[in-house]
Amino acid sequence: MTTRYSKHLPGFVFLSDLLLLNIALYNSHFIKFNTFRPENTSVTFILLVNIAWVVVSALSRSFYVFRPLLLRDNINKFLLTLIYHLLCVFAIIYFFKIFNISRAEVMLSYTIFFALVVAQRSALFFFLDYIRKKGYNHRQIVIIGDQNIAQRLVKSFSQHPEYGYDLSDFISEKEMAGMTEDALVQQLIEKAPNEIFICYKQMNTELLNRLVKMGDTYLIKIKVVSDLILSNNYAQLVNYDNVPVLHLNSHPEIGLKIRLLKRSFDILFSSTVMVTGAPVFFVLYIVTRLTSKGPAFFRQERIGKNEKPFYIYKFRSMRVNAELAGPQLSKDNDPRITKWGMIMRKARLDELPQFWNVLKGDMSVVGPRPERQYYIEQIVEKTPSYRKLLRVKPGLTSIGQVHYGYAENVDQMCDRVRYDLLYLQNISLNSDLNIILKTVKVMVQGKGK
């Protein structure tokens with residue numbers, strides 16, 4: 001079938017993003033002011049946002065779509081660009097003292113823009129996946145080197161037609177041994193592939209350097225394939241001067257971009273909840289004080305990232321001195337829980353003060369729930385892999401809380417660990433947003449306890 005190279009795709013995505021940005025800007029203005037015609041301040045804001053987006057997007061290259069198609073990674077990169085753009089716009093607004101811009105309009109614009117781009121990227125990836133499976137938008141590749149490694153690579157490509165690779169030729173080590181380097185290079189140039197995959201257990205350094213230079217000259221991507229089989233492990237390439245080293249882990253490392261993205265989201269989300277939800281906090285505080293003796297807030301030491309202890313805050317849902325007999329987990333019909341505390345727990349409203357923990361940096365909005373040292377020691381004894389969860393910030397909500405719920409004993413806590421370990425392997429802002437939405441559903445349905 002006809003093959004095509006996606007040289008026009010980045011430009012299309014860039015212009016599409018810019019169009020969606022303006023759709024979001026004008027629609028948010030209409031929602032706020034009931035007109036599509038912006039006044040002077042809004043015109044300045046729209047112009048500022050467009051210029052900033054062109055610059056930030058061009059620097060981050062968020063409009064590039066790479067193979068293999070990974071929607072989550074692409075959305076994460078876009079979100080990081082969106083945060084940089086938001087910070088850039090706020091900095092310009094502050095510098096030029098443009099303070100009469102509606103904050104509601106700004107937040108609504110970014111919310112609509114994000115939703116539109118998620119829909120656009122999802123549709124684009126579905127389309128690319130579909131046409132590549134049909135044989136279009138493919139890249140021609142040549143594989144050279146070890147036959148066993150090459151066979152594994154070809155098998156992987158055949159199992160994933162959405163990668164969009166067509167094998168033009170395979171040159172084995174035996175064939176390469178019977179030709180000069182000049183003949184090999186000339187043969188590769190004549191094939192004119194888009195990419196060359198080098199499958200070698202031991203690579204001739206001089207030949208590799210020559211192939212890389214050839215790739216630069218003829219715009220051919222050069223990729224080296226290792227003979228390692230990593231199964232479910234994760235690899236990160238680390239360069240020690242001129243020595244490339246694969247760093248292997250049983251779970252993916254959380255990169256700086258993801259950490260920055262999560263922290264920025266935590267600050268923005270927790271600040272928004274605490275400011276807009278202030279009346280709710282006040283009502284909960286008053287009702288808690290009036291319905292039972294004792295303070296409205298409850299604090300307890302928990303273990304956070306890297307086993308650092310911190311104090312977690314909640315609205316008090318139990319009677320004072322509920323643990324005089326020692327640490328205890330709550331259970332159904334627990335006599336220690338007040339009537340008002342039972343209502344708060346059903347909707348998980350008692351957890352709201354933990355947004356202060358998130359703002360301080362002790363916790364994240366989404367992450368494994370923090371436990372007390374007393375229970376951690378028992379969990380680790382039965383499930384040693386729990387220690388992996390102590391490498392990340394604990395969360396106000398978690399995939400374990402959503403899919404498993406509260407645990408009434410250590411065995412149940414160990415069962416819940418497997419959900420949080422799955423989250424550890426797939427940390428992204430997409431999964432965090434999904435968990436937040438599911439948490440809101442649990443709160444509305446009153447399924448907490």
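**Cavities, a pocket and selected local features of the predicted model**

Two cavities of 30 Å³ or more are found in a search of the whole structure, which is a predicted model. The largest cavity has a volume of about 80 Å³. Its lining consists of Pro368, Arg369, Glu371, Ile379, Tyr386, Leu389, Met413, Arg416, Val417 and Asp420. Helix α15 (residues 410-425) provides the largest share of this lining, with four residues. Classified by side chain, the lining of the largest cavity comprises six nonpolar, no polar and four charged residues.

The second largest cavity has a volume of about 60 Å³. Ile303, Gly304, Pro368, Arg369, Pro370, Tyr386, Leu389, Leu390, Val392 and Pro394 form its lining. Eight of these residues are nonpolar, one is polar and one is charged. Pro368, Arg369, Tyr386 and Leu389 appear in the linings of both the largest and the second largest cavity.

Among the pockets, the second largest has a volume of about 1,200 Å³. It is lined by 33 residues, and Leu86, Met107, Thr111, Leu268 and Thr272 are those nearest its centre. At least two lining residues are supplied by each of α3 (71-95), α4 (103-133), α9 (256-276) and α16 (429-445). The lining of this pocket contains 24 nonpolar, eight polar and one charged residues.

With respect to overall architecture, the protein has 16 helices and 10 strands. Its C-alpha atoms fill a box of roughly 90 × 65 × 40 Å along the principal axes. Of its 449 residues, 44% count as buried. Among contacts with a separation of 6 or more, 73% are between residues 24 or more positions apart.

Helix α7 (residues 181-191) has Leu184, Val185 and Leu188 as its buried residues. These residues lie on the same side of α7, because they cover an arc of only 95 degrees around the axis. In general, an α-helix has 3.6 residues a turn, so residues three or four places apart point the same way. The buried residues of α7 pack against the strands β1 (139-145), β2 (165-172) and β3 (195-199), and against the helices α6 (173-177) and α8 (205-218).

Positive phi values were examined at two residues. Most residues other than glycine have a negative phi. Just after α7, however, alanine 192 takes a positive phi of about 50 degrees. Alanine 192 is located in the loop between α7 and β3. With a relative accessibility of 51%, alanine 192 counts as exposed, the cut-off for this class being over 50%. Arginine 348, which is likewise not a glycine, has a positive phi of about 60 degrees. This arginine is found in the loop between α11 (339-346) and α12 (354-360). In contrast to alanine 192, which is exposed, arginine 348 is buried, with a relative accessible area of 7%.

A further buried position is serine 28, in helix α1 (residues 9-33). Serine 28 counts as buried because its relative accessibility is 0%, whereas the class extends to values under 20%. The side chain of serine 28 makes a polar contact of 2.5 Å with the side chain of serine 109. When neighbours within four places in sequence are left aside, serine 28 is in contact with Glu105, Leu108, Ser109 and Ile112.

Note on methods:
Residues numbered from 1 in each chain as written. Predicted model: local features only at pLDDT ≥ 70, side-chain atom pairs only at ≥ 80, totals over all residues. Heavy atoms only, no water. 1 Å grid on protein atoms, 1.4 Å probe; cavity = no way out; pocket = protein on both sides within 12 Å on 5 of 7 lines; lining within 4 Å. Points joined across faces, edges and corners; volume = space filled by probe spheres on them. Nonpolar A, V, L, I, M, F, W, Y, C, P; charged D, E, K, R; others polar. Buried < 20%, exposed > 50% of the residue type's maximum accessible area, 1.4 Å probe, protein only. Arc of directions from axis to C-beta. Contact = heavy atoms within 4.5 Å. Polar contact = N/O pair within 3.5 Å; in protein donor to acceptor, adjacent residues only side chain to side chain.
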